[in-house]
Amino acid sequence: DSLDLGKCFEVINNLVTEAGQLIACNNETRQEFELKSGDIDLVTQTDKDVEKLLMNGITKHFPDHKFIGEEESSGEAGANKLTDCPTWIIDPVDGTMNFVHAFPHSCISVGLKVNKVTEIGIVYNPILEQRFTARRGQGAFYNGKRIQVSGQKDIKKALVTSEFGTTRDVEKMKVVNENFAKMAKEVHALRVLGSAALNMAMVALGAADANYEFGIHAWDVCAADLIVREAGGVVIDPAGGEFDIMSRRVLAAATPELAMAISKVLTQYNPMPRDD
Ligand code: IPD
(Lines give C-alpha, C1' and ligand atoms only; values in the text may rest on other atoms or scores of the structure.)
Protein backbone atom coordinates (compact mmCIF):
# COMPACT_ATOMS: atom_id res chain seq x y z
CA ASP A 1 0.00 0.00 0.00
CA SER A 2 1.18 3.48 -0.78
CA LEU A 3 2.79 5.72 1.81
CA ASP A 4 0.90 8.83 2.90
CA LEU A 5 3.67 11.47 2.74
CA GLY A 6 1.32 14.13 4.10
CA LYS A 7 0.86 12.06 7.23
CA CYS A 8 4.63 11.42 7.43
CA PHE A 9 5.22 15.18 7.33
CA GLU A 10 2.63 15.90 9.99
CA VAL A 11 3.99 13.19 12.29
CA ILE A 12 7.62 14.31 12.02
CA ASN A 13 6.78 18.01 12.23
CA ASN A 14 4.99 17.37 15.55
CA LEU A 15 7.76 15.09 16.82
CA VAL A 16 10.53 17.63 16.20
CA THR A 17 8.50 20.24 18.09
CA GLU A 18 8.31 17.89 21.06
CA ALA A 19 11.95 16.81 20.80
CA GLY A 20 13.05 20.43 20.35
CA GLN A 21 11.95 21.16 23.89
CA LEU A 22 14.63 18.77 25.16
CA ILE A 23 17.25 20.88 23.35
CA ALA A 24 15.80 24.31 24.15
CA CYS A 25 15.37 23.67 27.88
CA ASN A 26 18.83 22.15 28.25
CA ASN A 27 20.58 24.97 26.45
CA GLU A 28 20.74 27.17 29.51
CA THR A 29 23.44 25.13 31.16
CA ARG A 30 26.53 23.57 29.65
CA GLN A 31 26.14 19.90 29.03
CA GLU A 32 28.09 16.90 30.14
CA PHE A 33 29.43 15.09 27.09
CA GLU A 34 31.18 11.94 25.93
CA LEU A 35 33.73 11.69 23.13
CA LYS A 36 33.02 9.80 19.91
CA SER A 37 35.70 9.61 17.18
CA GLY A 38 38.03 12.07 18.93
CA ASP A 39 38.34 14.96 21.37
CA ILE A 40 36.19 17.41 19.36
CA ASP A 41 33.53 14.91 18.24
CA LEU A 42 30.95 15.02 21.05
CA VAL A 43 27.72 13.35 22.11
CA THR A 44 25.45 14.37 24.99
CA GLN A 45 22.57 12.67 26.77
CA THR A 46 20.30 15.12 24.90
CA ASP A 47 21.50 13.75 21.53
CA LYS A 48 20.50 10.27 22.69
CA ASP A 49 17.17 11.36 24.20
CA VAL A 50 16.14 13.32 21.10
CA GLU A 51 17.04 10.44 18.80
CA LYS A 52 15.08 7.98 20.94
CA LEU A 53 12.01 10.25 21.08
CA LEU A 54 12.00 10.67 17.28
CA MET A 55 12.59 6.99 16.50
CA ASN A 56 9.97 5.73 18.98
CA GLY A 57 7.46 8.29 17.72
CA ILE A 58 8.02 7.38 14.07
CA THR A 59 7.91 3.64 14.77
CA LYS A 60 4.56 4.02 16.54
CA HIS A 61 3.00 5.36 13.32
CA PHE A 62 5.15 3.55 10.75
CA PRO A 63 6.42 0.27 12.27
CA ASP A 64 8.16 -0.95 9.09
CA HIS A 65 10.19 2.20 8.40
CA LYS A 66 13.99 2.11 8.67
CA PHE A 67 16.48 4.51 10.27
CA ILE A 68 19.93 5.86 9.65
CA GLY A 69 20.80 7.98 12.66
CA GLU A 70 23.89 9.68 13.98
CA GLU A 71 23.79 8.00 17.38
CA GLU A 72 21.97 4.93 16.04
CA SER A 73 24.78 4.20 13.58
CA SER A 74 26.92 1.32 14.81
CA GLY A 75 29.90 2.50 12.80
CA GLU A 76 30.13 -0.93 11.13
CA ALA A 77 30.76 -1.04 7.40
CA GLY A 78 27.44 -1.42 5.57
CA ALA A 79 25.38 -0.46 8.63
CA ASN A 80 24.06 2.62 6.82
CA LYS A 81 23.26 0.90 3.50
CA LEU A 82 20.36 2.78 1.97
CA THR A 83 17.56 0.59 0.56
CA ASP A 84 14.30 1.43 -1.27
CA CYS A 85 12.36 1.15 2.04
CA PRO A 86 11.15 4.40 3.62
CA THR A 87 14.21 5.47 5.64
CA TRP A 88 14.44 8.33 8.14
CA ILE A 89 17.92 9.87 8.24
CA ILE A 90 18.31 11.62 11.59
CA ASP A 91 20.77 13.92 13.32
CA PRO A 92 19.21 14.54 16.75
CA VAL A 93 21.52 17.48 17.53
CA ASP A 94 23.52 18.90 14.64
CA GLY A 95 25.97 21.34 16.15
CA THR A 96 26.58 19.38 19.36
CA MET A 97 29.70 21.45 20.14
CA ASN A 98 27.58 24.64 19.99
CA PHE A 99 24.98 22.98 22.21
CA VAL A 100 27.58 22.05 24.82
CA HIS A 101 28.74 25.68 24.91
CA ALA A 102 25.22 27.18 24.92
CA PHE A 103 25.97 28.89 21.59
CA PRO A 104 22.37 29.00 20.34
CA HIS A 105 22.96 27.53 16.89
CA SER A 106 22.07 23.83 16.90
CA CYS A 107 19.26 21.93 15.27
CA ILE A 108 17.42 18.69 14.73
CA SER A 109 17.85 17.46 11.16
CA VAL A 110 15.49 14.82 9.74
CA GLY A 111 15.10 13.63 6.16
CA LEU A 112 12.83 10.90 4.79
CA LYS A 113 13.98 8.92 1.78
CA VAL A 114 11.63 6.63 -0.15
CA ASN A 115 13.10 4.60 -3.05
CA LYS A 116 16.34 6.46 -2.24
CA VAL A 117 14.71 9.83 -3.09
CA THR A 118 14.39 12.49 -0.37
CA GLU A 119 10.68 13.34 0.06
CA ILE A 120 10.73 15.33 3.31
CA GLY A 121 13.33 17.51 5.02
CA ILE A 122 13.12 19.37 8.33
CA VAL A 123 15.89 21.39 9.97
CA TYR A 124 14.72 22.88 13.27
CA ASN A 125 16.65 25.11 15.67
CA PRO A 126 14.36 25.08 18.74
CA ILE A 127 16.50 27.57 20.66
CA LEU A 128 15.87 30.42 18.21
CA GLU A 129 12.63 28.92 16.83
CA GLN A 130 13.94 28.55 13.29
CA ARG A 131 12.10 25.85 11.37
CA PHE A 132 13.06 24.99 7.78
CA THR A 133 10.81 22.51 5.99
CA ALA A 134 10.47 21.04 2.52
CA ARG A 135 8.56 18.37 0.68
CA ARG A 136 9.74 17.28 -2.76
CA GLY A 137 8.12 19.40 -5.47
CA GLN A 138 6.37 21.69 -2.99
CA GLY A 139 8.95 24.37 -2.20
CA ALA A 140 10.93 25.26 0.91
CA PHE A 141 9.65 27.14 3.94
CA TYR A 142 11.04 29.07 6.93
CA ASN A 143 8.59 29.16 9.84
CA GLY A 144 5.81 28.50 7.35
CA LYS A 145 6.82 31.18 4.82
CA ARG A 146 8.08 30.25 1.35
CA ILE A 147 11.82 30.90 0.90
CA GLN A 148 14.22 31.22 -2.03
CA VAL A 149 17.97 31.23 -2.49
CA SER A 150 19.73 34.54 -3.18
CA GLY A 151 20.40 33.95 -6.87
CA GLN A 152 24.02 35.08 -6.41
CA LYS A 153 26.31 33.96 -9.26
CA ASP A 154 29.41 36.01 -8.52
CA ILE A 155 31.94 34.43 -6.13
CA LYS A 156 33.33 37.90 -5.31
CA LYS A 157 29.94 38.92 -3.88
CA ALA A 158 29.18 35.61 -2.13
CA LEU A 159 28.90 34.97 1.61
CA VAL A 160 30.16 31.41 2.03
CA THR A 161 30.05 29.10 5.06
CA SER A 162 32.15 26.06 5.93
CA GLU A 163 33.40 24.23 9.02
CA PHE A 164 36.60 23.09 10.68
CA GLY A 165 34.87 19.71 11.19
CA THR A 166 35.04 17.25 14.05
CA THR A 167 38.52 15.80 13.59
CA ARG A 168 42.04 17.12 14.16
CA ASP A 169 43.49 14.68 11.62
CA VAL A 170 46.60 16.42 10.25
CA GLU A 171 45.97 15.71 6.56
CA LYS A 172 42.33 16.82 6.82
CA MET A 173 43.22 20.01 8.73
CA LYS A 174 45.81 20.88 6.08
CA VAL A 175 43.14 20.83 3.37
CA VAL A 176 40.59 22.67 5.56
CA ASN A 177 43.07 25.47 6.30
CA GLU A 178 44.26 25.66 2.71
CA ASN A 179 40.66 26.03 1.54
CA PHE A 180 39.89 28.73 4.12
CA ALA A 181 42.95 30.67 2.93
CA LYS A 182 42.04 30.29 -0.75
CA MET A 183 38.35 31.08 -0.25
CA ALA A 184 39.06 34.13 1.92
CA LYS A 185 40.85 35.68 -1.06
CA GLU A 186 37.96 35.06 -3.45
CA VAL A 187 34.68 35.57 -1.59
CA HIS A 188 32.87 38.52 -0.02
CA ALA A 189 32.72 36.85 3.42
CA LEU A 190 33.54 33.50 4.98
CA ARG A 191 31.66 32.25 8.08
CA VAL A 192 32.02 29.23 10.42
CA LEU A 193 28.90 28.80 12.58
CA GLY A 194 29.12 25.19 13.78
CA SER A 195 26.19 23.34 12.23
CA ALA A 196 26.35 21.73 8.81
CA ALA A 197 22.55 21.49 8.47
CA LEU A 198 21.98 25.13 9.45
CA ASN A 199 24.78 26.25 7.11
CA MET A 200 22.82 24.73 4.23
CA ALA A 201 19.49 26.03 5.54
CA MET A 202 20.99 29.54 5.43
CA VAL A 203 21.68 29.03 1.71
CA ALA A 204 18.00 28.09 1.23
CA LEU A 205 16.98 31.21 3.15
CA GLY A 206 19.13 33.44 0.92
CA ALA A 207 21.11 34.56 3.98
CA ALA A 208 24.25 32.74 2.79
CA ASP A 209 25.13 32.13 -0.85
CA ALA A 210 27.01 28.84 -0.54
CA ASN A 211 28.33 26.19 1.84
CA TYR A 212 30.93 23.48 1.36
CA GLU A 213 32.37 20.85 3.68
CA PHE A 214 34.47 17.69 3.52
CA GLY A 215 33.74 15.22 6.35
CA ILE A 216 29.98 15.75 6.84
CA HIS A 217 27.72 12.73 7.32
CA ALA A 218 24.46 11.70 5.61
CA TRP A 219 22.44 12.77 8.67
CA ASP A 220 23.98 16.27 8.61
CA VAL A 221 22.88 16.96 5.03
CA CYS A 222 19.93 14.74 4.03
CA ALA A 223 17.18 17.17 5.06
CA ALA A 224 19.03 20.36 4.10
CA ASP A 225 19.85 19.01 0.61
CA LEU A 226 16.12 18.90 -0.18
CA ILE A 227 15.47 22.26 1.50
CA VAL A 228 18.19 23.96 -0.60
CA ARG A 229 16.96 22.41 -3.86
CA GLU A 230 13.33 23.23 -3.10
CA ALA A 231 14.43 26.84 -2.49
CA GLY A 232 15.89 26.89 -6.02
CA GLY A 233 19.52 26.18 -5.14
CA VAL A 234 21.91 23.44 -6.19
CA VAL A 235 23.66 20.72 -4.20
CA ILE A 236 26.61 19.00 -5.85
CA ASP A 237 29.82 17.16 -5.05
CA PRO A 238 32.61 19.70 -4.30
CA ALA A 239 34.55 18.36 -7.31
CA GLY A 240 31.65 19.34 -9.58
CA GLY A 241 29.88 15.98 -10.04
CA GLU A 242 26.63 14.66 -8.68
CA PHE A 243 25.98 14.90 -4.92
CA ASP A 244 26.37 11.51 -3.18
CA ILE A 245 24.80 11.54 0.28
CA MET A 246 27.12 8.80 1.60
CA SER A 247 30.35 10.34 0.26
CA ARG A 248 30.87 12.79 3.16
CA ARG A 249 31.34 15.71 0.74
CA VAL A 250 28.94 18.54 -0.07
CA LEU A 251 28.74 21.85 -1.91
CA ALA A 252 25.46 23.79 -1.78
CA ALA A 253 25.00 27.08 -3.61
CA ALA A 254 22.41 29.58 -4.73
CA THR A 255 23.26 28.99 -8.41
CA PRO A 256 25.14 26.45 -10.57
CA GLU A 257 27.50 29.27 -11.66
CA LEU A 258 28.53 29.97 -8.06
CA ALA A 259 28.83 26.25 -7.26
CA MET A 260 31.20 25.71 -10.20
CA ALA A 261 33.27 28.81 -9.33
CA ILE A 262 33.75 27.53 -5.75
CA SER A 263 34.45 24.00 -6.95
CA LYS A 264 37.34 25.32 -9.08
CA VAL A 265 38.94 27.10 -6.10
CA LEU A 266 38.71 24.19 -3.64
CA THR A 267 41.49 21.72 -2.93
CA GLN A 268 39.61 18.42 -2.98
CA TYR A 269 39.59 15.91 -0.13
CA ASN A 270 38.05 12.45 0.08
CA PRO A 271 37.15 11.53 3.68
CA MET A 272 37.28 7.81 4.42
CA PRO A 273 35.43 5.69 5.29
CA ARG A 274 32.19 6.54 3.49
CA ASP A 275 28.98 6.46 5.49
CA ASP A 276 27.83 3.24 3.80
C1 IPD B 1 28.75 18.24 12.98
C2 IPD B 1 28.53 19.72 12.86
C3 IPD B 1 29.81 20.39 12.46
C4 IPD B 1 30.34 19.86 11.15
C5 IPD B 1 30.47 18.36 11.19
C6 IPD B 1 29.16 17.71 11.64
P7 IPD B 1 27.31 17.08 14.92
O8 IPD B 1 27.57 17.57 13.37
O9 IPD B 1 27.52 20.01 11.92
O10 IPD B 1 29.63 21.78 12.32
O11 IPD B 1 31.59 20.40 10.89
O12 IPD B 1 30.82 17.89 9.92
O13 IPD B 1 29.34 16.31 11.71
O14 IPD B 1 28.42 16.14 15.27
O15 IPD B 1 27.31 18.30 15.75
O16 IPD B 1 25.99 16.41 14.82
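Author: Welcome! Domain bounds here come from an automatic or database domain assignment. Residues are numbered from 1 along each chain as its sequence is written. The model is predicted, so local features need pLDDT of at least 70 and side-chain atom pairs count only at pLDDT 80 or more, while totals for chains, interfaces and linings use all residues.

Reader: How far apart do the C-alpha centres of domain 1 and domain 2 lie?

Author: The domain assignment of the chain gives domain 1 as residues 5–147 and domain 2 as residues 155–265. From one C-alpha centre to the other, the separation is 20 Å.

Reader: And how many residues of domain 2 are in contact with domain 1?

Author: Two residues are in contact if their C-beta atoms, placed from the backbone, lie within 7 Å. On the domain 1 side, 34 residues take part, and on the domain 2 side the number is 26.

Reader: Which element gives the most to the side of domain 1 that touches domain 2?

Author: Elements are DSSP runs numbered from the N terminus: helices (H or I) have at least four residues and strands (E) at least two. Among the elements that each supply at least two residues to this side are E4, helix H3 (96–100) and strand E6 (117–125). With five residues, the top contributor is E6.

Reader: Let me step back to the whole chain. What does the globule rule give for 276 residues?

Author: The chain has seven helices and 14 strands. Its radius of gyration, taken over C-alpha atoms, is compared with a rule of 2.2 Å times the number of residues to the power 0.38. The chain comes out at 17 Å, so it is as compact as a globular protein of that length, for which the rule gives 19 Å.

Reader: What percentage of the residues of the chain count as buried?

Author: A residue is buried if 20 or more other C-beta atoms (placed from the backbone) lie within 10 Å of its own, exposed if 12 or fewer, and partly exposed in between. Of the 276 residues, the buried portion is 46%.

Reader: Now for the ligand. Which element provides the largest share of the shell around it?

Author: A residue is near a molecule if its C-beta atom, placed from the backbone, lies within 6 Å of it. The ligand is surrounded by 17 residues, and the closest are Asp 94, Thr 96, Glu 163, Ala 196 and Ile 216. Domain 1 and domain 2 each contribute at least three residues to this shell. Three residues, the largest share, come from E4.

Reader: How many residues in that shell are charged?

Author: Ala, Val, Leu, Ile, Met, Phe, Trp, Tyr, Cys and Pro count as nonpolar, Asp, Glu, Lys and Arg as charged, and the others, Gly among them, as polar. The shell has three nonpolar and eight polar residues, and its charged residues number six.

Reader: Is Asp 91 buried or exposed?

Author: The UniProt annotation "binding site" (unreviewed entry) covers Asp 91; such annotations may be inferred rather than shown by experiment. Asp 91 sits in strand E4 (residues 87–94). Because 33 other C-beta atoms lie within 10 Å, Asp 91 is buried.

Reader: UniProt also places "binding site" at Glu 70, Asp 94 and Asp 220. Why are they said to gather at one spot?

Author: The "binding site" feature at these three residues comes from an unreviewed entry. They span 151 residues in sequence, yet they gather at one spot because no two of their C-alpha atoms are more than 9.2 Å apart.

Reader: In which helix is Asp 220 found?

Author: Asp 220 has 28 other C-beta atoms within 10 Å, so it is buried. Apart from neighbours within four places in sequence, its contacts are Asp 91, Asp 94, Ser 109, Ala 196 and Ala 197. The helix that holds Asp 220 is H6.

Reader: What separates the C-alpha atoms of Gly 233 and Ala 253?

Author: Gly 233 lies in the loop between helix H6 (218–230) and strand E13 (234–236). Since it has 28 C-beta neighbours inside 10 Å, Gly 233 counts as buried. Ala 253 is 20 residues away along the chain, yet the C-alpha separation is 5.8 Å.

Reader: Is Asn 143 buried or exposed?

Author: Asn 143 is in the loop between E8 and strand E9 (145–147). Its phi is positive, about 45 degrees, although Asn 143 is not a glycine. Because just 10 other C-beta atoms lie within 10 Å, Asn 143 is exposed.
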